[in-house]
Amino acid sequence: MTTLTAPLHLSRLHLSERHRHASRDLSSPYALHQTLRWAFPGAGQDDAPLPDGERLLWRQDVTLNPQTGEFTPTILVQSVTPPDWGALNARDPAYLTEWDVRTLDLTPALTSGRLLHFRLHANVTVRRQDETGRSARHGLHTPAEQLAWLDRQGGRAGFDVLGADITRAGRTRTRKGRQLITLHTVTFEGALRVTDPVALERAVREGLGHAKSLGCGLLSLAP
């Protein structure tokens, strides 16, 4: 069982948009998650679990390539287990154009009262009952509802939101077999104050909200 003090591994991946499988995965969160599993021991086999204690979180960002001046997709992956991206690339040559991995120690940053910058891409939903009593998840569509959702998450996860911008919002659809899944996603960026370091570290490790395996929930922190 992984303890909260264990280090995390943060990977930054660049996928080749010309690669057939990489192009498919960039448009399908479910397919991308299944591919990322190949970098972890024993998890590349169909229906095999991730290593014990692993909570694989990831987010698709867009970054500016200083050499070409073009914006390119970047995948940020957070894991407890050290990943082997070379094994993934050996299985599917040229899938990745480059990658780097660094160790992330949360303990020094997470002190009560500290101010931190954050980024979060989340599936922003609430559970509601209809007139028949059936319960289902519903997306939150207005900025006021979305920011209120973030405040509630912070109250449970050990931080106060000091200010946040919505940099991207919309719906993402992906297929899991024959099932069509719709995600109501929002990307938040802003500043927070740490109120409970233990709760916040747990939130960083486990993610916030739902659809974590589909590229949602990874909370990134920086000074």
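This passage describes the predicted model of the protein, from overall features to single residues.

The model comprises 223 residues, of which 45% count as buried. Its secondary structure amounts to 5 helices and 10 strands. Among contacts with a separation of 6 or more, 67% are made by residues 24 or more positions apart. The mean pLDDT is 88, and a value of 70 or more is reached by 88% of the residues. Confidence is highest in strand β5 (residues 115-123), with a mean of 97, and lowest in strand β7 (residues 135-139), with a mean of 75. Where pLDDT is low, the predicted coordinates should not be read in detail.

Two helices were examined for burial. In helix α2 (residues 29-36), 6 of the 8 residues are buried, so this helix is largely enclosed by the rest of the structure. The buried positions of α2 are P29, A31, L32, H33, T35 and L36. In helix α5 (residues 197-206), the buried residues include the nonpolar A199, L200, A203 and V204, and the charged E201 and R205 are buried as well. Just after α5, G207 adopts a positive phi of about 85°.

Helix α5 also takes part in the surroundings of G158, a residue of the loop between α4 (143-157) and β8 (159-176). G158 has a relative accessible area of 4%, which lies under the 20% cut-off, and is therefore classed as buried. Apart from neighbours within four places in sequence, the contacts of G158 are R193, V194, T195, D196, A199 and L200. Of these, A199 and L200 are themselves buried residues of α5. Although G158 and D196 are 38 residues apart along the chain, their C-alpha atoms are separated by 4.2 Å.

Two further buried positions lie in strands. N123 belongs to strand β5, and T185 to strand β9 (residues 179-194). A relative accessible area of 7% places N123 among the buried residues, and T185 is likewise buried, with a value of 7%. The side chain of N123 reaches the backbone nitrogen of H184 at a distance of 3.0 Å. With neighbours within four places in sequence set aside, N123 contacts W149, L183, H184, H210, A211 and C216. For T185, with residues up to four places away in sequence not counted, the residues touched are H121, A122, R168, A169, G170, T172 and C216. C216 thus appears in the contacts of N123 and also in those of T185. Of the residues touched by T185, H121 and A122 fall within β5, which spans residues 115-123.

Strand β5 also contributes to the largest pocket, together with β1 (8-15), β2 (57-64), β3 (71-79), β4 (96-104) and β10 (219-222), each of these strands supplying at least two residues of the lining. The volume of this pocket is about 470 Å³. Its lining consists of 26 residues, and those closest to the pocket centre are L10, R102, S220, L221 and A222. By class, 14 of the lining residues are nonpolar, 4 are polar and 8 are charged. Of the residues closest to the centre, L10 lies in the range of β1 and R102 in that of β4, while S220, L221 and A222 lie in the range of β10.

Terms used: Residues are numbered from 1 along each chain as its sequence is written. This is a predicted model: local features need pLDDT of at least 70, side-chain atom pairs count only at pLDDT 80 or more; totals for chains, interfaces and linings use all residues. Side-chain values use heavy atoms; hydrogens and water are left out. pLDDT is the predictor's confidence in each residue, from 0 to 100. Helices (H or I, at least four residues) and strands (E, at least two) are DSSP runs, numbered from the N terminus. Buried means under 20% relative accessible area, exposed over 50%, partly exposed in between (1.4 Å probe, protein chains only). On a 1 Å grid over the protein atoms alone, a cavity is a set of points where a 1.4 Å probe fits but cannot get out, and a pocket is an open set with protein on both sides within 12 Å along at least five of seven lines; lining residues have an atom within 4 Å of a point. Grid points are joined across faces, edges and corners, and a volume is the space filled by probe spheres set on the points. A polar contact is a pair of N or O atoms within 3.5 Å; within protein, one must be able to donate a hydrogen and the other to accept it, and residues adjacent in sequence count only if both atoms are side-chain atoms. Contact means heavy atoms within 4.5 Å.
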